[in-house]
Amino acid sequence: MKVAVGSLNPTKLEAVKIAFEKVFPNTSWSIKGVSVTSGVSDQPMNDRESIRGAKKRAKRAIKKLNADYGVGLEGGIQKIGKYWFETGWVVIVNKKGDEGIGSAVRMQIPEIVMKHIHNGIELGKVSDIIFHTENSKHGQGYFGLMTNNTITRSRGYSDGVISALSRFIHPQLFDDS
């Protein structure tokens with residue numbers, strides 16, 4: 001079966017591969033990335049915007065590659081009380097238009113990082129500045145940098161993909177008819 005991922009980021013493609021193979025181990029999967037736009041800002045500042053971006057990526061990817069499933073992954077931040085958190089949102093759509101939504105872990109963002117974000121720099125670039133790395137969002141990402149790679153970006157996102165796949169694991173629970 002063919003899965004279209006609305007990204008060319010290797011950590012996101014790996015997360016999707018891990019999740020689909022873990023959830024459906026008896027199915028042969030072809031995971032293909034495709035460049036699509038999210039229609040949201042480079043640094044989504046709330047969960048709604050992140051979910052909207054993931055949904056657009058999923059729908060654009062499935063259409064562009066005529067796949068069985070489309071997957072959109074969109075990282076973003078959300079303020080809860082006085083604290084900011086980073087998470088990745090995942091939307092999966094199938095050919096029938098069914099949608100599954102899930103998220104990766106949430107991790108608190110220190111104020112020093114938020115100062116850069118409030119100055120217009122997206123989290124991936126801020127992470128590179130703070131941790132003296134390059135292009136970390138295509139590698140370990142914020143999750144990996146903050147946890148000494150205990151939770152890598154691929155691992156965090158794969159949990160989000162699995163949670164979005166729950167809609168397809170138990171479709172009868174989501175049947176509105």
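Which side chain does the side chain of Asp47 make a polar contact with? It is the side chain of Arg106, at 2.5 Å. Before going further: this is a predicted model.

Let's stay with Asp47. It sits in helix α2, which covers residues 47-65. Its relative accessible area is 14%. The cut-off for buried is under 20%, so Asp47 counts as buried. Leave aside the neighbours within four places in sequence. Asp47 is then in contact with Ile77, Gln78, Thr87, Trp89 and Arg106. So Arg106 appears both as a polar partner and in the contact list.

Now the helix itself. α2 has 19 residues, and at 1.5 Å a residue they should span 27 Å. The end C-alpha atoms are 27 Å apart, which agrees. At the N-terminal end there is a cap, Asn46. One of its side-chain oxygens lies 3.1 Å from the backbone nitrogen of Arg48. After the helix comes Asn66, with a positive phi, near 45°.

Which residues of α2 are buried? They are Asp47, Glu49, Ser50, Gly53, Ala54, Arg57, Ala58, Ala61 and Ile62. Look at the spacing in that list. An α-helix has 3.6 residues a turn, so residues three or four places apart point the same way. And what do the buried residues of α2 pack against? Three strands: β1 (2-5), β3 (69-80) and β4 (83-94).

Take Arg57 from that helix. It is buried, with a relative accessible area of 15%. Its side chain makes a polar contact with the side chain of Glu74, at 2.6 Å. Beyond its neighbours within four places in sequence, Arg57 is in contact with Gly6, Val36, Thr37, Ser38, Gly72, Leu73 and Glu74. Keep Glu74 in mind. It stands opposite Trp89 in β4. And Trp89 is one of the residues in contact with Asp47. So the contacts of Asp47 and Arg57 can be linked through the Glu74 and Trp89 pair.

On to the strands. β3 is mostly covered, with ten of its twelve residues buried. How does β3 pair with β1, parallel or antiparallel? Parallel, over three bridges. Val3 has Tyr69 as its bridge partner in β3. With β4, the pairing is antiparallel, over twelve bridges. β3 and β4 form a hairpin, with two residues between them. Gly81, in the turn, has a positive phi of about 65°.

One residue in β4 deserves a stop: Asn94. At 12% relative accessibility, it counts as buried. Its side chain reaches the backbone nitrogen of Lys96 at 3.1 Å. Setting aside neighbours within four places in sequence, Asn94 is in contact with Ile62, Asp68, Tyr69 and Phe168. Ile62 belongs to the buried set of α2. Phe168 belongs to the buried set of α6. Tyr69 is the bridge partner of Val3. Asn94 and Ala4 are 90 residues apart along the chain, yet their C-alpha atoms are separated by 10 Å.

That brings us to α6, residues 153-169. It has 17 residues and reaches 24 Å from its first C-alpha to its last, close to the 24 Å expected. Its buried residues include Arg153, Gly156, Tyr157, Gly160, Val161, Ala164 and Phe168. What covers them includes α1 (10-23), β3, β4, β5 (99-103) and α5.

Gly156 is buried or exposed? Buried, at 0% relative accessibility. It touches Ala104, Phe143 and Ile151, not counting residues up to four places away in sequence. Gly144 is twelve residues away along the chain, and the two C-alpha atoms are separated by 9.0 Å.

Last topic, the pocket. The largest one has a volume of about 520 Å³. It is lined by 27 residues, and the closest to its centre are Lys12, Asp42, Glu122, Lys137 and Arg153. The elements giving two or more residues to the lining are β3, α4 (123-131), α5 (141-146) and α6. Which element gives the most? β3, with four residues. Arg153, one of the central residues, is also in the buried set of α6.

To wrap up with β3: it pairs with β1, it pairs with β4, and it gives the most to the pocket lining.

Technical notes: Residues are numbered from 1 along each chain as its sequence is written. This is a predicted model: local features need pLDDT of at least 70, side-chain atom pairs count only at pLDDT 80 or more; totals for chains, interfaces and linings use all residues. Side-chain values use heavy atoms; hydrogens and water are left out. Buried means under 20% relative accessible area, exposed over 50%, partly exposed in between (1.4 Å probe, protein chains only). A polar contact is a pair of N or O atoms within 3.5 Å; within protein, one must be able to donate a hydrogen and the other to accept it, and residues adjacent in sequence count only if both atoms are side-chain atoms. Contact means heavy atoms within 4.5 Å. The expected span of a helix is 1.5 Å times one less than its number of residues. Two strands pair if DSSP finds at least two bridges between them. On a 1 Å grid over the protein atoms alone, a cavity is a set of points where a 1.4 Å probe fits but cannot get out, and a pocket is an open set with protein on both sides within 12 Å along at least five of seven lines; lining residues have an atom within 4 Å of a point. Grid points are joined across faces, edges and corners, and a volume is the space filled by probe spheres set on the points.
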